[in-house]
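Reader: I'd love a close look at a single pocket of this model, together with the loop and the packing around it. I work with numbers all day, so please spell out the cut-offs as you go.

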Amino acid sequence: MKLRLDKNFVFSLLSVALLWLLWLAMYYGVKNDYVLPSIGATFEEMGKLLAGRSFWRAFGNTLLRTFCAFVFSLVAGVLLAASARLFRGVRAFLAPLISVLRTVPTMAIILVLLLWTTPAFAPVVVSVLVLFPATYAAVLAALDDAEENFGDLARAFRVSTGRRIFKMYLPLAAPPVLKQAGGIFSMGLKITVSGEVLASTYRSLGGLMQEAKSFVQMPQLLALTILTVVLGFILEGLCALVYHLIVRWRA
């Protein structure tokens, strides 16, 4: 196990080194700081951002929006997936709605929402509309798998439908859903930031990116992008840690 973790760490470092080399090659190939800033200028701007209060205020607001969208999507996904598992009519009713939500362009949703809601609230709504189908599909697939493995046994012992869902299926579905939670959470961060950029949301990571673009502050824009990516990795790592702790506790 330790050897495999060490190998993964080495491959991760090689990936970072490759990205760094590509950045250097592109920078010296373009030779235009307004198109691609240098690594030094970008990290210098990153240090300034991390030392300023405005960044942390924007960071907290964006993280809060992402968390709210994730929690709402998770609760709605669990409730509706459980209903779809119990009633075929609910599954048939939700199937076209889920397909529509998966295919509607995110930018179009944001532009419409800006007519109905505020720039602070629109990114949360659009993030829910994107995360909910993914959460619903993950929970429903896990419930279907639990039904396939233990459905006959539960019916043979005449376990009631409610006990099957809440005492068997949902606990069995929790680990695979948690395993995907990190990816869903980080995707929510990406959607939320994108919504903030289009909505020019005040005091947000997306708002800072839009401001940096407007004033052609490319080192700041790239620094904000890197920090958002790092935040996504951290969120995925925390979710993976929670998953492994739960699996170890159950074992």
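Author: Happy to! Let me start with exposure: a residue is buried when its relative accessible area is under 20%, exposed when it is over 50%, and partly exposed in between, using a 1.4 Å probe and protein chains only. Buried residues account for 37% of the chain, which has 251 residues.

A word on the ground rules. This is a predicted model, in which local features need a pLDDT of at least 70 and side-chain atom pairs count only at 80 or more, while totals for chains, interfaces and linings use all residues. Numbering starts from 1 along each chain as its sequence is written, and side-chain values use heavy atoms, with hydrogens and water left out.

The pLDDT, which is the predictor's confidence in each residue on a scale from 0 to 100, has a mean of 82 over the chain, and 89% of the residues reach 70 or more. Helix 3 has the highest confidence, with a mean of 91, and helix 1 (residues 2-30) the lowest, with a mean of 74. Helices and strands here are DSSP runs numbered from the N terminus, the helices being H or I over at least four residues and the strands E over at least two. On that count the chain has 9 helices and 0 strands, so to speak an α-α-α-α-α-α-α-α-α string from the N terminus on.

Now to your close look, for which I have picked the second largest pocket. A pocket is an open set of points on a 1 Å grid over the protein atoms alone where a 1.4 Å probe fits, with protein on both sides within 12 Å along at least five of seven lines; residues with an atom within 4 Å of a point line it. The second largest pocket has a volume of about 180 Å³, a volume being the space filled by probe spheres set on the points, which are joined across faces, edges and corners.

Its lining consists of S54, R57, S200, T201, Y202, R203, G207, L208, Q210 and E211. Two elements, helix 3 and helix 8 (205-214), each give two or more residues to this lining. Helix 8 contributes the most, with 4 residues. By class, the lining has 2 nonpolar, 5 polar and 3 charged residues (nonpolar: Ala, Val, Leu, Ile, Met, Phe, Trp, Tyr, Cys and Pro; charged: Asp, Glu, Lys and Arg; polar: the others, Gly among them).

Two of the lining residues deserve a backbone check. S200 lies in the loop between helix 7 and helix 8, and S200 has a positive phi of about 50 degrees although it is not a glycine. R203 is in the loop between helix 7 and helix 8 too, and the phi of R203 is near 55 degrees, again a positive value in a residue other than glycine. S200 counts as partly exposed because its relative accessible area is 44%, and R203 counts as partly exposed because its value is 40%. Beyond the loop, V216 takes a positive phi of about 55 degrees just after helix 8.

Helix 8 also has an inward side to its story. Its buried residues are L205, G206, G207, L208, M209 and A212, and two of these, G207 and L208, are named in the pocket lining. L208 has a partner further along the chain: the C-alpha atoms of L208 and L224 are 7.8 Å apart, with their positions 16 residues apart along the chain. L224 belongs to helix 9 and counts as buried because its relative accessibility is 0%.

That brings us to the packing. A nonpolar core is a set of buried Ala, Val, Leu, Ile, Met, Phe, Trp, Tyr and Cys residues joined through side-chain atoms within 4.5 Å. The largest one has 27 residues, and L49, F55, F70, L205, L224 and L231 have the most contacts inside it. At least two residues of this core come from each of helix 2 (39-51), helix 3, helix 6 (122-156), helix 7, helix 8 and helix 9 (218-250). Helix 9 gives the most, with 8 residues. One of the well-connected members, F70, counts as buried because its relative accessible area is 11%.

Put together, helix 3 and helix 8 each help to line the pocket, and both also supply residues to the largest nonpolar core.
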